[in-house]
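Visitor: Hi, could you walk me through this one? I'd like to ask as we go.

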Amino acid sequence: MVVDRRMSALLLAGLYAVSGVLCLASAIWPMHHDTPVALLWALAVTGIGGGVVIWSLRLRLQDWMMHAAVALDGVLIALLAWRSATAVGIVGLGPALIAVGLYCAHFFDLPAARLHAWLLVVLTTVGAVAAEPDRFAVAWAAIVVSVVAFTEAQGRLAQHLRTAASTDPLTGVANRRAWEAEAARHLSLATRTGEPLSFALLDLDDFKEVNDREGHGAGDALLRDLATGWAARLRQADLLGRYGGDEFVLCLPATDESGAREILEQLDATHAFAWSVGIASARPGDSLHEVLARADADLYLQKRSGRPA
């Protein structure tokens with residue numbers, strides 16, 4: 001799940017709280033003499049209380065907790081469908097199903113969103129079929145199709161937007177904002193575990209001359225070729241980003257400075273064009289800005305000394 005935790009927690013807490021308030025209103029003003037008032041009171045407390053808990057734990061929620069909370073929401077909706085007194089009450093759950101599907105599509109990756117949508121559909125369909133009312137099959141089929149279709153459409157759109165927001169359009173590697181966010185997470189993890197973590201700034205030598213002599217198209221092609229070659233040599237956990245212009249940046253988890261230099265030697269063999277590099281390993285208490293500043297200082301020294309990458 002690649003999203004802002006506060007926003008995802010806020011909306012999930014809102015889904016729970018709104019559902020709880022609606023159940024509370026139905027319990028206070030039941031629309032049918034067979035309305036399961038006791039169940040509605042229990043669901044009201046669960047929904048409102050769950051919303052409060054989710055929001056209060058928003059900064060400590062793990063991915064599995066978010067998935068579990070969404071799955072529980074599906075179970076509660078299925079329970080309400082099973083105990084509904086009228087066909088209208090069952091069909092009236094449609095907006096809740098669609099809201100949960102759209103939430104999953106926006107905040108979870110597409111395979112997980114699909115799984116949640118189908119789980120939601122199966123659970124609530126079982127509950128609806130087990131309920132006493134009937135003659136809602138056509139309307140329920142429309143709800144099921146809507147949940148699956150809306151989840152798929154929103155999921156694909158969200159996936160496209162996340163990719164566009166985190167990827168440099170020219171080279172296909174992480175853009176500056178996405179790289180910094182992921183690198184900060186690696187730095188936080190290294191601080192907690194004590195594992196080594198190194199960063200490198202890569203600056204192309206005489207790149208301006210390429211643009212001036214051969215045109216910007218040639219410069220763009222060179223950037224793409226370099227990024228492609230580097231990415232092919234990096235490990236799966238390594239993070240390559242374009243920092244702007246002709247400057248790239250590397251985050252190398254579980255790697256000390258000596259290991260970082262070995263990796264950079266492999267990258268140097270991928271293309272004949274010359275580039276300089278500055279390396280810095282994370283120290284206890286470092287911020288991302290501080291460790292990158294040391295890498296930048298090292299890069300500046302190498303540029304002045306004329307040492308190769």
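Visitor: Which residues of helix 2 are exposed on its other side, away from the buried ones?

Guide: Those are Ala38, Val45 and Val52. Keep in mind that this is a predicted model.

Visitor: And which residues of helix 2 are buried?

Guide: Leu39, Leu40, Leu43, Ala44, Gly47, Gly50, Gly51 and Ile54 are buried. They lie on the same side of helix 2, because they cover an arc of only 145 degrees around the axis.

Visitor: What covers them?

Guide: The cover includes helix 1 (5–28) and helix 3 (63–82).

Visitor: How does the span of helix 2 agree with its number of residues?

Guide: Helix 2 has 20 residues, 37–56, and at 1.5 Å a residue they should span 28 Å. The C-alpha atoms at its ends are 28 Å apart, so the two values agree.

Visitor: Changing topic: how are the strands ordered in the sheet?

Guide: There are four strands in an open sheet, in the order 2-3-1-4, with antiparallel pairing. Strand 2 (239–244) and strand 4 (275–281) are at the edges; each has a single partner strand, so one side of each has no neighbour in the sheet. From one strand to the next, the twist averages 20 degrees.

Visitor: How many bridges are there between strand 2 and strand 3?

Guide: Five bridges, in the antiparallel sense, with strand 3 covering residues 247–253. As one example, Gly244 has Glu247 in strand 3 as its bridge partner.

Visitor: Now aromatics. How many aromatic pairs does the structure hold?

Guide: Seven. One of them is Tyr103 with Phe107, a tilted pair at 4.8 Å centre to centre and 45 degrees between the planes. Those two are four residues apart in helix 5 (residues 94–107), which means about one helical turn separates them.

Visitor: Are Tyr103 and Phe107 buried or exposed?

Guide: Tyr103 has 6% relative accessibility, so Tyr103 counts as buried. Phe107, at 4%, counts as buried too.

Visitor: Which residues form the aromatic cluster with Phe108?

Guide: Tyr103 and Phe107 are in one cluster with Phe108.

Visitor: What about Trp179 and Tyr243: how are their rings placed?

Guide: The ring centres of Trp179 and Tyr243 are 5.8 Å apart and the planes are at 80 degrees, so this pair is edge-to-face. It links distant parts of the chain, with Trp179 in helix 8 (residues 176–193) and Tyr243 in strand 2, 64 residues apart. Both Trp179 and Tyr243 are buried.

Notes
Residues numbered from 1 in each chain as written. Predicted model: local features only at pLDDT ≥ 70, side-chain atom pairs only at ≥ 80, totals over all residues. Heavy atoms only, no water. Pairing = 2+ DSSP bridges. Axes fitted to C-alpha atoms, helices over the stretch in contact; angles between N-to-C directions. Expected span 1.5 Å × (residues − 1). Buried < 20%, exposed > 50% of the residue type's maximum accessible area, 1.4 Å probe, protein only. Arc of directions from axis to C-beta. Contact = heavy atoms within 4.5 Å. Phe/Tyr/Trp six-rings, centres within 6.5 Å; stacked < 30°, edge-to-face > 60°.
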